[in-house]
Amino acid sequence: MPVMSLFFRIVMNIFLATLRLSEKFILLLILSAFITLCFGAFFFLPDNSKHKRFDLGLEDVLIPHIDSPKEGKHASGQVVIHGQGGHDEHRHSLRDKIRADHERALQEAKEKLRKSREELQAEIQTEKNKVMEDLKKKDAGPKPLPPVPMPKVVSVSDGEPPEPDAKEKRDKIREMMKHAWDSYRQYGWGHNELKPLAKKGHSTNIFGNSQLGATIVDALDTLYIMGLHEEFKDGQEWIDQNLDFGVNAEVSVFEVNIRFIGGLLAAYYLSGQEVFKLKAVQLAEKLLPAFNTPTGIPWAMVNLKSGVGRNWGWASAGSSILAEFGTLHMEFVHLTYLTGNPAYYQKVMHIRKLLAKMDRPNGLYPNYLNPRTGRWGQHHTSVGGLGDSFYEYLLKAWLMSDKTDTEARKTYDDAIEAIERHLIRKSNGGLTFIGEWKNGHLERKMGHLACFAGGMFALGADGSPDDKAGHYLQLGAEIAHTCHESYDRTVLKLGPEAFKFDSGLEAVAVRQNEKYYILRPEVIETYWYMWRFTHDPKYRQWGWEAAQAIDKYCRVSGGFSGVKDVYSSNPTYDDVQQSFFLAETLKYLYLLFSSDDLMPFESWVFNTEAHPLPVLHLGNITLPGSEPAQR
Ligand code: DMJ
């Protein structure tokens, strides 16, 4: 029964239930008179069908849908009525139908009047329930995704380290995670991030004007890995009941991909809970309009509701950013794998193909690419901000494909070779650093963000060309050392946002606006990778130094905050607990003090926000839209 008619009946019942018996009789009389009038009017009105010939087009199509014994179909499939006789018969049958309807309505009204108030109320309740059920069915959301074989996900071990000292440190990191999570739970729940001093929610423009619970999604897998299952369940419940992407918010495609889609996919693979997969796919669909550009290079931002995309105002000549459009591959491959929808895979492969065809100044990839013209913007190249995770995802695409995506590996190797030639230098004091290339000139400055590259070089060592594995492991160690120096040369023992190797300066920040530390993970990330590949105890020691400094200088009663000057013994807080602190910094620290069987590299590849995605042992399976895998 249509919802409107049910609604009408409920109102009618409520109305009847409130009337006294005498009032009911009067109402019945009025109702009968009205129905008789309608019926008579229909019956005695003149037949004007002859005057309606001009309407035939419409009539021919519409009438048979009501009730037409003579309807048929043209070869074209169009419905027609044959002859005038069809009209007369149709009119009679329509009249009979109306009469029957009126009689039924009258009968129903009489029966209603005979019923007691209780009976009527029970009826109202049943009808109400039916309406609710119908509405629920209508809103039941997207259809379930097609079943796919879950990749063989190794069970997550406890990872308890054999060394009692490491165990104690690991427990401390877990306690820090509890403090960060509990504070967010108490003061910022549902907001994207937390202001730990103001003790309220926080958000930045990367999430638009939204309350999408970024911290919840970003933190889930860390909670899971740490065995904080109650907290995980709490987060899952919020996501299930509140996470809605149909909001009018202009978000960063890159950030939403690495934090939300990466976070949801990791939570799905770890826990097996379908809700995470569904939410990841719902969100991914909202990101797809960002690819509607003349070149297929996505916009940096997209409005989740309208699908309108645009680029950051500050980016060179309306360009998209290399580290943003180049950091979608891992998540999008998994989306195609899980849904069978080739669109995701094709979008990222299109980006790869387009980049492969372009000229590269000195073999380097500039950070800016115009999505309208397909031309590079300013010739700036960086392994830090704006470039970083593009290189990371080339390597990880290869690892995640069980080393079958050799095109990705080759692209990575070529890019790293050019980077080594043009961007990596040794300072006078013997520190290896990665500078920034700006229009043919090397700026001898390294960002905190670029410190992740130590871990990347180590991770890519195995499989590098010309048997240079030892060389790249060594390069990773040198970057780790330099980044540790950038921490060690500060008052707080926390690293600045950027540091120089110029005019006698070695690994220190010069400008005031580069002295802050915002709970970033990259240096600790590199310690963890280096630890896994070498088991040199200095990496645990360095990690512990950083953890202690964070606990001492960034911890406040309402969570953890960034600090504005790592060279000041009395620093001020920025009052933001970044979601990546829970997703990455604390996760890497925890793994650093765990045994290697927790999230082994043979089975897991971490996305750039530290969300683990399983290696896809595709074997003979070919992803929809892809070429057969080659070894
Ligand atoms: C994280 O969101 C990701 O690691 C990203 O790739 C760049 N850096 C931030 C944290 O510093």
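# Reading a predicted model: ligand shell, core and local backbone

Modeller: The ligand is a convenient place to start. Its surroundings consist of I258, R259, L449, R520, P521, E522, F580, E584, T608 and E609. Keep in mind that this is a predicted model.

Colleague: How do the residues of the shell around the ligand divide into nonpolar, polar and charged?

Modeller: Four are nonpolar, one is polar and five are charged. As for secondary structure, at least two residues of the shell come from helix 9, and at least two from helix 20 (579-592).

Colleague: Which polar side-chain atom lies 2.6 Å from an oxygen atom of the ligand?

Modeller: One such atom belongs to E522. The side chain of E609 also places an N or O atom 2.6 Å from a ligand oxygen. T608 takes part through its backbone, with a polar atom 2.7 Å from an oxygen atom of the ligand.

Colleague: How much of the accessible area that the ligand has on its own does the protein cover?

Modeller: The ligand alone has 290 Å² of accessible area, and the protein covers 92% of that.

Colleague: Let us turn to the whole protein. How many helices and strands are there?

Modeller: The protein has 20 helices and 20 strands. Of its 631 residues, 54% are buried. Its accessible surface is about 28,600 Å², and carbon and sulfur atoms account for 54% of that area. Among contacts with a separation of 6 or more, 69% join residues 24 or more positions apart.

Colleague: What is the general idea behind a nonpolar core, and which residues have the most contacts inside the largest one here?

Modeller: In soluble globular proteins, nonpolar side chains tend to be buried together. Here the largest nonpolar core has 165 residues, and I173, L355, M446, F457 and I550 have the most contacts inside it. Helix 9 (residues 253-271) gives this core 12 residues, the largest share.

Colleague: Take L355 as an example. What does L355 touch, not counting residues up to four places away in sequence?

Modeller: L355 touches L322, F325, R360, Y365, L369, W376 and F390.

Colleague: Now a single helix. How many residues of helix 16 are buried?

Modeller: In helix 16, 10 of its 10 residues are buried. Among them are F452, M456, F457 and L459, along with the glycines G454, G455 and G460. The buried residues pack against helix 14 (388-400), helix 15 (406-422), strand 11 (424-426), strand 12 (432-434), helix 17 and helix 18 (522-534). Just after helix 16, G463 has a positive phi of about 100 degrees.

Colleague: G463 is a glycine. Where is a positive phi found in a residue other than glycine?

Modeller: A317 is one case, with phi near 45 degrees. A317 sits in the loop between strand 7 (309-310) and strand 8 (320-321). D467 is another non-glycine residue with a positive phi, about 55 degrees. The loop that holds D467 runs between helix 16 (452-461) and helix 17 (469-488).

Colleague: Why does A317 count as exposed, and why does D467?

Modeller: The cut-off for exposed is over 50% relative accessible area. A317 counts as exposed because its relative accessibility is 61%. D467 is exposed because its value is 73%.

Colleague: Is S320 buried or exposed?

Modeller: S320, in strand 8, has a relative accessible area of 2%, so it is buried. A polar atom of the S320 side chain lies 2.9 Å from the backbone oxygen of P298. Leaving aside neighbours within four places in sequence, the contacts of S320 include I297, P298, W299, N311 and F325. N367, Y368, L369 and P371 are also in contact with S320.

Colleague: One last residue. Where is K167, and why does K167 count as partly exposed?

Modeller: K167 is in helix 6 (residues 164-187). K167 counts as partly exposed because its relative accessibility is 29%. Outside its neighbours within four places in sequence, K167 is in contact with E160 and P161.

Colleague: What separates the C-alpha atoms of K167 and Y590?

Modeller: Those C-alpha atoms are separated by 9.8 Å, while K167 and Y590 are 423 residues apart along the chain.

Technical notes:
Residues are numbered from 1 along each chain as its sequence is written. This is a predicted model: local features need pLDDT of at least 70, side-chain atom pairs count only at pLDDT 80 or more; totals for chains, interfaces and linings use all residues. Side-chain values use heavy atoms; hydrogens and water are left out. A nonpolar core is a set of buried Ala, Val, Leu, Ile, Met, Phe, Trp, Tyr and Cys residues joined through side-chain atoms within 4.5 Å. Buried means under 20% relative accessible area, exposed over 50%, partly exposed in between (1.4 Å probe, protein chains only). Helices (H or I, at least four residues) and strands (E, at least two) are DSSP runs, numbered from the N terminus. Contact means heavy atoms within 4.5 Å. A residue is near a molecule or strand if one of its heavy atoms lies within 4 Å of it. A polar contact is a pair of N or O atoms within 3.5 Å; within protein, one must be able to donate a hydrogen and the other to accept it, and residues adjacent in sequence count only if both atoms are side-chain atoms. Accessible areas come from the Shrake-Rupley method with a 1.4 Å probe; for residues, only the protein chains shown count as cover. Ala, Val, Leu, Ile, Met, Phe, Trp, Tyr, Cys and Pro count as nonpolar, Asp, Glu, Lys and Arg as charged, and the others, Gly among them, as polar.
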